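Here are some notes on the aromatic rings, in numbered points. Please read them with the structure open.

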Amino acid sequence: MTATHDTLPFHEVQAVDVSKIYDRIVALRRVNFKATAGTITGIVGPNGAGKSTLFHILSTLVAPSSGRVLFDGSDVSAWQPRSALRGQIGMLGHQSFLYPDMTGEENLTFFGTLFGIGRADLPDAVKRVLECVRMDHAKTRRVKHCSRGMTQRLAFARVLLQDPTLWLLDEPTTGLDVDTRAAMLDIISSQKVNKRIVVVISHDPEALHVVADRVLRLDRGRIDDNGTGDT
Amino acid sequence: MIWLGLFSDESAATAAQAVAQAATSQGIPMLAKEEVPGGPLLIAAYLVMWIVVFAYLIWMHRTNQRLLAEVELLEQRLDERIAEGNEQRKNIGPRGT
Amino acid sequence: MNQHIQHFWVVFRKDIRIELRTREILLTMGLFALLLVVVFSFAFYTDAERSRIYAPGILWTTVVFSGTIGLNRLFERENENGCLSGVLLTPISPRMVFVAKAMGNLLFTLLMEILTVPLLVMFFSLDIQPVGIFLSGLLLGTVGFCFVGTLFAAMLSAARMKEVLVPLVVYPIIVPIIIGGVKVTAVVLNDYPVEEALNWLKLIAGFDLLFVSLAIWLFEPMIAP
Amino acid sequence: MVHSVKTKSSAAFLLLVVATGAVFLGALVLTFFVAPTERMMGIVQKIFYFHVPSAIVMGVLFLVCAVASLAYLLKNDSRLDAIGATAAELAVVFGAIALITGPLWARKAWGAWWTWEPRLTLTLLSVFIYAGYLAMRAYGGEKEFSRRVAAGLGLMGAPAYYFIKVAVDKWGGNHPKNVVYGKGEGLMNPDMRLAFFAGLIAVLMLTVTLFVMRYRTRMLKERVDTAISEMQKYDLLEDG
C-alpha cells in the first residue's frame, strides 16, 4: 500500500469503441469510456445490461470482439509480460475469487504471496486488511462456511491486499450490514487520494452518491450518457 | 458405364462358385478365406466413397441454403430500416424549415 | 526465474493443502481405481500364466481411467467461485499456473498408482523384474498423460460436456504412451529382452519431451488471445 | 446481394470443378481398363487406387490443420481458423473413406474385416483425434473460446500422428508385413503405377475442390454472423 501516484504503472484506462458479441448475442455495443487516476466512476444499469462483460473486458481477461482497451494509451499487447499489467488490476466480481475449502486467512495469504508481498510483511498485511473489513474474528473459518456478507467482505479484503492501480468493484456493498457498508465506502472514497482508478458497479444509488464523481448508465450494452448521479 | 467393367472379373467369381459347390457337396462348412468374391466388395468400396462425398456435399449445400436465407432476411431488414429512415427524414424535413 | 519457482510452489502447495483437507480427489480416484482392479480381476483372472498377458493392459487402463477423474476435479477447483480469474489477475505467469496444476495431477496420479500397482501384483500374482524399468515406464507415461490431460481439462473445466470431451480428446493423443506403457510392462512381467523395453521407454520419453513443452506453451494462447 | 452470393463461384472455381471431374474420369478409366487385375487378390485390389490416396490426403490435411492452428493461435485471424477447421473436417471425411474401404479390401486380401494392421490402426486413431477436434468446436462452449481450444488440439494432432505412427509400427512389428502395404513394392506394373498416380491426383483435386467450397461456406457464415452483430450494434436489428 505504499505506491504513490508517480510509481503507478498507468494513470488512465480507456475503452475505445468496445463491442463484445457472444455467439451472436451482443453484450456491449461500441462502448467508449475513460477513467483517470484519482476518480471514482459509478456504473448503473439493469440486469443483463453488460456490466459484468464490461468489467471482464477492462480486466483484460476477456478480449473484446472489436474495439480496444488502452492503458495510458497503449494496447494490452504492449504490456510485456501481460501478467505485470494484470497484477495491477483488481476485481471484486460477481464471484468471490476465494477457494471455498480454505479459510479467509489462508486465501489472503495465498493471494498475498502471488501479489508479491514479501514473506516478512505478509502476516501484518493480511491482519490489517482483515481488520479493515472487520473479519478478524472469523479469519479461521473456511470460506464455504461463511455467509454471503462475510464472503463479500473477504473478497473485498483480497482487493485491498492487492492494492491495485485499477479497481473494478462489482456490487461491493451487497449483503453488508450498515456499519461495514459505511466502512467500505470510506475505503473506496480514500482511493481518490491514493490516485487509484476506481470503477464501481452498483444497484445502490445512495452508495454511489457518496463515493462516485460521476455515474454512467449502461443499458443494453451501451453507455447512454453522463448521468447526474441519481438514477 | 464404368461399373460394367467390374463384372469382367468372371474368373474369380466362377472359381469361388466352384469352391463353394465343392465344399457344400462334401458337407464341409465353407471357409470364406480366400474365395470371397471381389466384385461386390469393390462395388461396395466405390459406393461408400461416393456416398460419403455426396453426403458431405449435400450437408454443405444445406448449410449454404440456411446462410442464404439468413442473408435474405438481413437484406430485407436493412431495406425496411432504410425506408424507415427515409420516412423519418421526410417527416422531419418540412417541420424543420 | 526465482519468482516463477515461488509462484509455482505457492499454487502447488495450495492444491495439496486443499486436498489434504477434503481428500476428495484421492479418495474418489483411489476407490475408483480399486474398483476397476477388482472388476478386471473378475473379468480376466484365470491363472498366473495368463494374467501376465492381461495385467499390462489392466494396469494402464486403470491408470488412465482413474487419472481422468483427478484431471477433471483438480482444475474444477479453480472454477469454484471464479478463482482462476483471481489468480490470473496477479503477477503470476499463466504458464506457472498450468505447470503447478499439472504437477498436482502428477502427484495425485502417482499416489493412486502406489495403491493400484501392489494390489494388481497381489491379485494377479505378478513378478516384476526389473523393477527400475517398470517404474520408469510408469513414471514417464504418467508425466505425459498428466500434462496433456491437464491442458484439456483446464480448457474444458467450464464446458458443459467436459466429462465426455476430456477423454474424447486426450485418449487418442496419448495412445503412444498407452501402447508404450503396456509394452514396457509386458517386458518386465514376462522376462522379455530388456532392450525392447528400453526402446519403448525412449519413445515415451520423446513423446513427453515434445508434448510437455507443447502443453506448457499452449496454455497461455489457448486460454486467452 | 443474394443473387451475387449464389453466383460468386468464379470462373476459376468452375474450371477447378470441371478439371476435377475430368481427372477423376481419367483415373477411373485407368483403374478399370488399363491397369491389369492383380494376380493374387483379383479385382478387389482396385480399391487400392483410391483407398491409399485417401489416406495420404488425410495425412496432408493433418499437417495443414496443424499449421493453420498454430497460425491462428498466434495471429487470431478467423480465416486461419476456417482453414484449420476445414482441413480437420475433410481429414475426417477422407479418413472415414479410408477406414471403410480398408476392411472391404482386407476381407478379400486377409480374410478378415479388420486386422490391427499398423496403418489401418494409425488411420483409426488419428481420425479419433480430429473427430475430437470437431466435437470440441461443436460442444466446447462459447465460439471464440472453443475455437482456440480446438486450435490447440489441431496443433497437437500432427505430432501425435507421427508418434502414433511410430508406436503402432513398432507394436505391429511382430506381425508379417503385407506385400501391398510394403512401400510401393506392390506396384510393379507401370500401368498400375500410372493408375495409382492418376488416382492420387484425382483425390487431391477432389480435396482441393471440397476444401474451397467448404472454406467459402465457413467464411460466408463468418460474414453473416458479423453482419448480424454489426446491425445489432447499430440497433438496426432486434437482438437474438
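1. In this predicted model, the charged end of R158(A) is placed over the ring of F111(A), at 4.7 Å from the ring's centre. F111(A) also belongs to an aromatic cluster, together with Y99(A), F110(A) and F115(A).

2. Chain A has another charge placed over a ring: the charged end of K20(A) lies over Y22(A), and the distance to the ring centre is 5.0 Å.

3. How many aromatic pairs are there over all chains? Counting rings whose centres lie within 6.5 Å, the total is 33. Take F207(C) and F211(C) as an example: the ring centres are 4.3 Å apart and the planes meet at 15 degrees, so this pair is stacked. The cut-off for stacked is under 30 degrees.

4. Where do these two rings sit in chain C? Helix α9 (residues 194-223) holds both F207(C) and F211(C). They are four residues apart, which is about one turn of the helix. F207(C) and F211(C) are both buried.

5. Chain D offers an edge-to-face pair, made by F62(D) and Y161(D). Their centres are 5.2 Å apart, with 70 degrees between the planes; the cut-off for edge-to-face is over 60 degrees.

6. The pair in chain D links distant parts of the chain. F62(D) is in helix α3 (residues 48-75), Y161(D) is in helix α6 (residues 143-171), and 99 residues separate them.

7. Is F62(D) buried or exposed? F62(D) has a relative accessibility of 1%, so it counts as buried; the limit is under 20%.

Terms used: Residues are numbered from 1 along each chain as its sequence is written. Chains are lettered from A and ligands numbered from 1 in the order in which they are written. This is a predicted model: local features need pLDDT of at least 70, side-chain atom pairs count only at pLDDT 80 or more; totals for chains, interfaces and linings use all residues. Side-chain values use heavy atoms; hydrogens and water are left out. Rings of Phe, Tyr and Trp (its six-membered ring) pair if their centres lie within 6.5 Å; planes under 30 degrees apart count as stacked, over 60 as edge-to-face and the rest as tilted. Buried means under 20% relative accessible area, exposed over 50%, partly exposed in between (1.4 Å probe, protein chains only). A charge sits over a ring if NZ of Lys or CZ of Arg is within 6 Å of the ring centre and within 35 degrees of the ring normal.
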